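Open the structure in your viewer and keep the sequence panel visible. This tour goes from selection to selection and says what is found at each stop.

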Amino acid sequence: FSAKKIAPAVASFNVNPSVYEKEVSKARTFGFKSELKWLKLLGLIKGASLENSILMDNGKPVAGSLRYPDELTRHKMLDIIGDFGLLNGRLKAHIIAVKTGHKQNVEMVKKLKL
């Protein structure tokens, strides 16, 4: 997201129920002000609000503040945890993800199911 003035970030946690609850679960989804009109036209943000999401502009939240300094990165971790939950089992793995989204996560899950 460097074009959106979001600096590269790294987050690493040994995720267990306690760490998940404290460090990851509260990370909100995010979007960019420059994409807002397009997202609305496509019907992709029907449930989004400034209470449950972060609207970013020029590398900063438009309203309020971040729950964690690296909340965007933690939300990406939350996405990975949720997507890998499609495996319906306990995964013992060290996951390194670079610039991934739901599409890449689900593709990996499909490969692991083989």
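The stops below run from the whole chain to one helix, then to two pockets and a group of aromatic rings.

**Whole chain**

Show the chain as a cartoon, and bear in mind that this is a predicted model. The chain has 4 helices and 3 strands. Followed from the N terminus, the elements come in the order α-β-α-β-β-α-α. Along the principal axes, the C-alpha atoms fill a box of roughly 40 × 30 × 25 Å. Of the 114 residues, 25% count as buried. Among contacts between residues at least 6 apart in sequence, 67% join residues at least 24 apart.

**Helix α3**

Select residues 71-84, which make up helix α3. How far apart are the end C-alpha atoms of this helix? They are 20 Å apart, which agrees with the 20 Å that 14 residues should span at 1.5 Å a residue.

Now colour the helix by accessibility. Of the 14 residues of α3, 11 are buried, so the helix is largely enclosed by the rest of the structure. Among the buried ones are Leu72, Met77, Leu78, Ile80 and Phe84; Glu71, Arg74, Asp79 and Asp83 are buried as well. What covers the buried residues of α3? Add α1 (17-24), β1 (29-32), β2 (53-57) and α4 (102-113) to the view, as the cover includes these elements.

**Largest pocket**

Keep α3 on screen and select Ala11, Lys76, Met77, Ile80 and Ile95. Of the 43 residues lining the largest pocket, these five lie nearest its centre. The elements that give two or more residues to this lining are α1 and α3. The largest share, 8 residues, comes from α3. The space in the largest pocket is about 1,700 Å³. Colour the lining by residue class: 26 residues are nonpolar, 10 polar and 7 charged.

**Second largest pocket**

Next, move to the second largest pocket, with a volume of about 520 Å³. Select Thr29, Phe30, Gly31, Leu39 and Ile45, which are the closest to its centre among the 22 lining residues. Two or more residues of the lining come from each of β1, α2 (36-41), β2 and α3. Which element gives the largest share of this lining? Strand β1 does, with 4 residues. By class, the lining divides into 12 nonpolar, 7 polar and 3 charged residues.

**Aromatic rings**

Finally, show the side chains of Phe1, Phe30 and Phe32, which form one aromatic cluster. The structure holds 3 aromatic pairs. In one of them, Phe1 and Phe30 meet edge-to-face, with 5.6 Å centre to centre and 85° between the planes. This pair links distant parts of the chain, as Phe1 is in the segment before α1 and Phe30 is in strand β1, 29 residues apart.

Are these two rings buried or exposed? Phe1 is partly exposed, with a relative accessible area of 49%, whereas Phe30 is buried at 17%. Phe30 also pairs edge-to-face with Phe32, at 5.9 Å centre to centre and 80° between the planes. Phe32 counts as buried because its relative accessibility is 6%, and buried means under 20%.

Key. Residues numbered from 1 in each chain as written. Predicted model: local features only at pLDDT ≥ 70, side-chain atom pairs only at ≥ 80, totals over all residues. Heavy atoms only, no water. Expected span 1.5 Å × (residues − 1). Buried < 20%, exposed > 50% of the residue type's maximum accessible area, 1.4 Å probe, protein only. Contact = heavy atoms within 4.5 Å. 1 Å grid on protein atoms, 1.4 Å probe; cavity = no way out; pocket = protein on both sides within 12 Å on 5 of 7 lines; lining within 4 Å. Points joined across faces, edges and corners; volume = space filled by probe spheres on them. Nonpolar A, V, L, I, M, F, W, Y, C, P; charged D, E, K, R; others polar. Phe/Tyr/Trp six-rings, centres within 6.5 Å; stacked < 30°, edge-to-face > 60°.
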